[in-house]
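Hi everyone, thanks for coming. Let me put the structure up on the screen, and then we can walk through it together.

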Amino acid sequence: MTAKDSMTIRRPDDWHVHLRDGALLAGVAPHTARQFARAIVMPNLSPPMTDSAGVAAYRNRIMAALPTGSDFTPLMTLYLTDRTDPDEVARGHAAGVFVAAKLYPAHATTGSAHGVTDIAKIMPVLARMEAIGMPLLIHGEVTDNHVDIFDREAVFIERTLIPLVKALPGLRIVFEHITTTEAVQFVESAGANLAATITPQHLHINRNAMLVGGIRPHAYCLPVAKREHHRLALRKVATSGSAQFFLGTDSAPHDKRLKEAACGCAGIFNAPFALESYLAVFEQEGALDKFEGFASEHGPRFYRLPLNEGTVTLERSGVTVPDEIDVCDAIVVPFHAGETLGWRLRV
Ligand code: DOR
Ligand code: ZN
């Protein structure tokens, strides 16, 4: 096989994923473990993972759900609430129970009802995290009903992120699943303590995918996909080689019936073909040489973790994404359902 027909890179990681719990965990975790060496696991379960004991127990359930022989390491996160204790955060981080903490503004998205109502309430926690160098992962959307849903990320930057970075310049922040030109510009201007993850869906689709020709619930996630010019800005920066931007799928499975409903859940299940999906973008942008940095290098460097040993190979052989995937407890419609992608992960 010539170099053009295959691509071998250092094993990649997913810096943002929802692995769920119970039977669904057993159904979805193998897909992530097949594609990635490590993943940052979101804590928005019901109830959320708000203390060390809960996070440690959840990690054990993930390990138990993996197929025998998996070489996969879940990297756990703590769910911040108005009542999070700075000492508990520092202890759990020092003990290696969790590598980061997640800030969900209360009611911003699925499983965020116990999130933070006002960032002022957790400033002592954030100051401690700044002192110990622990990353803060942020779902960056305001929840104010007066703000249009398509503007919620940009308004969050103005109202929350700019003041936060000013108040705690040493705090290391991952602005998760960015969707706008404003977010790209903010991260670039903020310097090395700021990074952002970018999902495959926000590189592939704009808001038309959700709304043209009928309402398409499987294209709905939060933050919602925006206008085309935002998508183009995300593609440009993801494929630019900038170390501040890296892979985070935000794979978020929901049963088909819960998405195809009068009030459908937010979330796109992209884990089974995540690398294939990202690689299609890098190829279209003429940036195959930038893929390894985005997928396998920028994330660990930001998190101050070792790069993975070992490699994965993608072949230019094409793979058709199934219309539905049975994940034990649920039938889930994956991202790119029914489409054929140009590369396939060799297993
Ligand atoms: O679309 C989303 N789904 N966005 C989130 O922030 C949460 C996620 C989920 O847990 O389903
Ligand atoms: Zn998420």
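Let's start with disulfides: the count here comes to 0. Please keep in mind that this is a predicted model. Why is Cys263 not in a bond with Cys265? A disulfide needs two cysteine sulfurs within 2.5 Å, and the sulfur of Cys263 lies 7.6 Å from its closest cysteine sulfur, the one in Cys265, so that is too far for a bond. Cys328 is in no disulfide either, since its nearest cysteine sulfur, again in Cys265, is 19 Å away. As for surroundings, Cys263 is exposed, with a relative accessible area of 71%, and Cys328 counts as exposed too, at 55%.

Now, on to the metal. Which residues hold the zinc ion, ligand 2? They are His16 and His18, each through NE2, and Asp250 through OD, at 2.0 to 2.1 Å. Written along the sequence, the spacing of these donors is H-x1-H-x231-D. Look at how the site brings distant parts of the chain together: His18 sits in the loop between β2 (14-17) and α1 (22-35), while Asp250 is in the loop between β9 (245-247) and α10 (256-259), 232 residues apart. Both His18 and Asp250 are buried.

Those two residues come up again when we turn to empty space. The structure holds 4 cavities of 30 Å³ or more, and the largest has about 120 Å³ of space. Of the 17 residues lining that largest cavity, His18, Thr109, Leu222, Asp250 and Ala252 lie nearest its centre. What is the lining made of, by class? It has 5 nonpolar, 9 polar and 3 charged residues. Thanks for listening!

Key:
Residues numbered from 1 in each chain as written. Chains lettered and ligands numbered in written order. Predicted model: local features only at pLDDT ≥ 70, side-chain atom pairs only at ≥ 80, totals over all residues. Heavy atoms only, no water. Buried < 20%, exposed > 50% of the residue type's maximum accessible area, 1.4 Å probe, protein only. Donors = N, O, S within 2.8 Å, 3.2 Å for Na, K, Ca; no water. Helix = DSSP H or I, 4+ residues; strand = E, 2+ residues; numbered from the N terminus. 1 Å grid on protein atoms, 1.4 Å probe; cavity = no way out; pocket = protein on both sides within 12 Å on 5 of 7 lines; lining within 4 Å. Points joined across faces, edges and corners; volume = space filled by probe spheres on them. Nonpolar A, V, L, I, M, F, W, Y, C, P; charged D, E, K, R; others polar.
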